[in-house]
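This report describes how the strands and helices of one protein chain are arranged. The sequence and structure come first, and the description follows.

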Amino acid sequence: MTDRLSELTAAGVAVWLDDLSRVRLSSGGLDQLRREQHVAGVTTNPTIFAKALADADTYDGQLRDLATRGVEVEEAVRMLTTYDVRWACDVMRPSYDGSQGVDGRVSIEVDPRLAHETEKTVAEAKALWWLVDRPNLYIKIPATEAGLPAITATLAEGISVNVTLIFGLDRYSQVMEAFLAGLEQAKANGHDLSKIGSVASFFVSRVDSEVDKRLEKIGSEQAKALRGKAAVANAQLAYERYSEVFSSDRWQALADAGAHPQRPLWASTSTKNPDYRDVIYVEELIAPGTVNTMPESVIHAYADHGETRGDTVTGAYDAARQVFTDLGSVGVDMSDVIGVLEREGVEKFEASWQELLDGVRKSLAAAGQGTGRPGQAAKGNADKAQQVGGNA
């Protein structure tokens, strides 16, 4: 039997799971994915946690303890989520050790309501790093204008960072600049660069969703022929920029000091349009030194019928640029597309975070009163969060 995920890994793509729950941890499901499906990392986001906390039985005991202690809801969310992430870090530790700290990482996001506040983002990143207290943790910081200096400042503290919500090429270049500056400061601060990791989460499928909507509205045959092409082209051109930055003399000086490159991580890789191949955002984005974080359904789909055709990125730059030219010729303003997606990305995670807070607040109240199943109160909120948050 062909081990398609092994072939994908051998092609240079690290397979990460875009999901986490205490059920997955307590059942051994995450460890099984690590051992049997080549899963080498985990990403989380507010939507994932809102959904996970609807699994009442697995959180009831901790919710009752938190309610008994009179813990405020925001602190309760930190306790619940960092517990799961710490556990996941321990499960993934063999991958971390086996890859010399490159893989085996688990991500937790700062409160998305802080996306436009630099100092508070840095303070929250430090708090989460301290709470989880595992070397294979990533702190997720959004690539907003305020997030960029927060990324640099957090890395300068020796804290590993997953930069999230990247949609556009220019913002991606700014993210890589923030990474390099952060490592240079970390080196000056005396940190061991070999212990600091980072990925840049470049979102994929949401680009097609937004562009396709505009192409449908334009309605011409030329426009319709471009559906499903923007997201892959955007990511391919991002990898071109990555290749340029991480072959520079500036980077080489950091690499000589032990630093690992900030790998591109393809996020939002589940196919939103059922007319598209369900593994298109994996097959078309195979390149050395990348990460693809997938929902479990996509992992299984690739294991079943994914095709690893070697590097599908580095030879496609000219074709990707032509896609952008063609999109402009039919009236799609990609700069406006990226601006919309950046705003919506933060807003969606803020909404999911609020749903998470509301659900935990109700669960704490139920636990304190000793009535019903505490986690059940979060169920409706988690369902709403799943609708607005999407895959990260």
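Two strands are taken to pair if DSSP finds at least two bridges between them. With that cut-off in mind, and bearing in mind that the model is predicted, the description can begin at strand 8, where Trp 266 stands opposite Asn 292. That residue also has a partner in strand 1, since Asn 292 in strand 8 is the bridge partner of Val 15.

**The barrel**

The strands form a closed barrel of 8, running 1-2-3-4-5-6-7-8 with parallel pairing. From one strand to the next, the twist averages 30°. In general, strands of a sheet pair through backbone hydrogen bonds, either parallel or antiparallel. Three of the pairings are set out below.

| Strand pair | Sense | Bridges |
|---|---|---|
| Strand 1 (residues 13-18) and strand 8 | parallel | 5 bridges |
| Strand 7 (residues 263-267) and strand 8 | parallel | 2 bridges |
| Strand 1 and strand 2 (residues 39-43) | parallel | 3 bridges |

In the pairing of strand 1 with strand 2, Asp 18 has Thr 43 of strand 2 as its bridge partner.

How many of the residues of strand 8 are buried? In strand 8 (residues 290-294), 5 of the 5 residues are buried, so this strand is largely enclosed by the rest of the structure. Thr 290, Asn 292 and Met 294 point one way from the strand, whereas Val 291 and Thr 293 point the other way, and all of them are buried.

**Helices around the strands**

Helix 8 (residues 147-156) lies across strand 4 (137-142) and strand 5 (161-166), and runs at about 160° to strand 4.

Helix 10 (residues 205-218) packs with helix 17 at an angle of about 125°, their axes being 10 Å apart; the two helices are therefore oblique to each other, and their crossing is right-handed. The residues of helix 10 that meet helix 17 are Arg 206, Val 207, Glu 210, Val 211 and Arg 214, and among those they meet in helix 17 are Met 334, Val 337, Leu 341 and Phe 349.

**The nonpolar core**

The largest nonpolar core holds 125 residues, of which Leu 8, Leu 30, Val 85, Ile 139, Val 211, Leu 327 and Val 360 touch the most other members. Helix 17 (residues 334-369) gives the largest share of this core, 12 residues. With neighbours within four places in sequence left aside, Leu 327 is in contact with Val 211, Leu 215, Leu 226, Ala 230, Val 332 and Met 334. Val 211 and Met 334 also appear in the packing of helix 10 with helix 17.

Notes. Residues numbered from 1 in each chain as written. Predicted model: local features only at pLDDT ≥ 70, side-chain atom pairs only at ≥ 80, totals over all residues. Heavy atoms only, no water. Buried < 20%, exposed > 50% of the residue type's maximum accessible area, 1.4 Å probe, protein only. Helix = DSSP H or I, 4+ residues; strand = E, 2+ residues; numbered from the N terminus. Axes fitted to C-alpha atoms, helices over the stretch in contact; angles between N-to-C directions. Contact = heavy atoms within 4.5 Å. Core = buried A, V, L, I, M, F, W, Y, C linked by side-chain atoms within 4.5 Å. Parallel < 35°, antiparallel > 145°, perpendicular 65-115°, else oblique. Left-handed = near helix turned anticlockwise from the far one by under 90°.
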